[in-house]
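Biologist: Could you take one part of this model and walk me through it slowly? I'd like a close look at the sheet, and in particular at a strand inside it and what surrounds that strand.

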Amino acid sequence: MTEEQVASFCLDLPGAREDYKWGGVRVFSVAGSKMFAMQNLRGDSLAFKVDPELFLGHVDRPGIAPAPYLARAHWIIMQAPYPLAAAELQQLLQRSHQLVVAKLPKRTQVGLLL
């Protein structure tokens with residue numbers, strides 16, 4: 001997937017919006033400020049949250065590393081071209097969105113869950 005395809009997919013998720021922060025980092029978030037993915041955190045990259053129990057399995061894969069400053073929250077980062085197939089990347093981005101939505105108050109979750 002290209003950077004624009006990833007951005008389009010992220011923005012199609014329920015309640016998603018984008019901002020630019022920290023000098024050009026493209027941030028995708030829900031409920032105002034709850035981030036679920038970022039582009040260009042470190043060069044031409046993509047970072048997002050993964051399930052805690054799968055974090056170590058992901059960072060063992062070639063081309064995937066713990067995200068700087070966010071690894072403790074189980075975020076991974078990969079450089080373009082992304083080392084994952086489009087279907088797997090979309091599934092992981094969708095899961096990242098849902099992990100963030102699940103931490104929101106119940107009344108805020110309505111309409112954001114898939």
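Modeller: Sure. Keep in mind that this is a predicted model. The sheet is an open one built from 6 strands, in the order β1-β2-β3-β4-β6-β5, with antiparallel pairing. At its edges sit β1 (17-21) and β5 (64-66), each of which pairs on one side only. Going from one strand to the next, the twist averages 30°.

The strand I'd zoom in on is β4, residues 45-49. In the sheet order β4 falls between β3 and β6, so let's take those two neighbours in turn.

On the β3 side, strand β3 (residues 34-39) pairs with β4 in the antiparallel sense, over 3 bridges. Two contacts show how the register works out: glutamine 39 has leucine 46 of β4 as its bridge partner, and alanine 37 stands opposite phenylalanine 48 in β4. β3 and β4 also make a hairpin, with 5 residues between them. One residue in that turn is worth a click if you like backbone torsions: asparagine 40 has a positive phi of about 65°.

On the other side there's strand β6 (residues 75-79), again antiparallel to β4, and here 5 bridges do the joining. Serine 45, for instance, has glutamine 79 in β6 as its bridge partner.

What about the faces of β4? Both are covered: Ser45, Ala47 and Lys49 are buried on one side, and Leu46 and Phe48 are buried on the other. Since buried is taken as under 20% relative accessible area, 5 of the 5 residues of β4 pass that cut-off, so the strand is largely enclosed by the rest of the structure.

Lys49 is a handy place to step off the strand, as it also lines the largest pocket. That pocket has a volume of about 170 Å³. Its lining includes Ser33, Lys34 and Met35, along with Leu70, Ala73 and Trp75, and then Val100, Lys103 and Leu104. Sorted by type, the lining comes to 6 nonpolar, 1 polar and 3 charged residues.

Val100 takes us from the pocket to helix α3, where it is one of the buried residues. The helix covers residues 86-102, which is 17 residues, and spans 24 Å from first C-alpha to last, close to the 24 Å expected at 1.5 Å a residue. Its other buried residues are Leu89, Leu92, Leu93, Ser96, His97, Gln98, Leu99 and Val101.

How values were computed: Residues numbered from 1 in each chain as written. Predicted model: local features only at pLDDT ≥ 70, side-chain atom pairs only at ≥ 80, totals over all residues. Heavy atoms only, no water. 1 Å grid on protein atoms, 1.4 Å probe; cavity = no way out; pocket = protein on both sides within 12 Å on 5 of 7 lines; lining within 4 Å. Points joined across faces, edges and corners; volume = space filled by probe spheres on them. Nonpolar A, V, L, I, M, F, W, Y, C, P; charged D, E, K, R; others polar. Helix = DSSP H or I, 4+ residues; strand = E, 2+ residues; numbered from the N terminus. Expected span 1.5 Å × (residues − 1). Buried < 20%, exposed > 50% of the residue type's maximum accessible area, 1.4 Å probe, protein only. Pairing = 2+ DSSP bridges. Axes fitted to C-alpha atoms, helices over the stretch in contact; angles between N-to-C directions.
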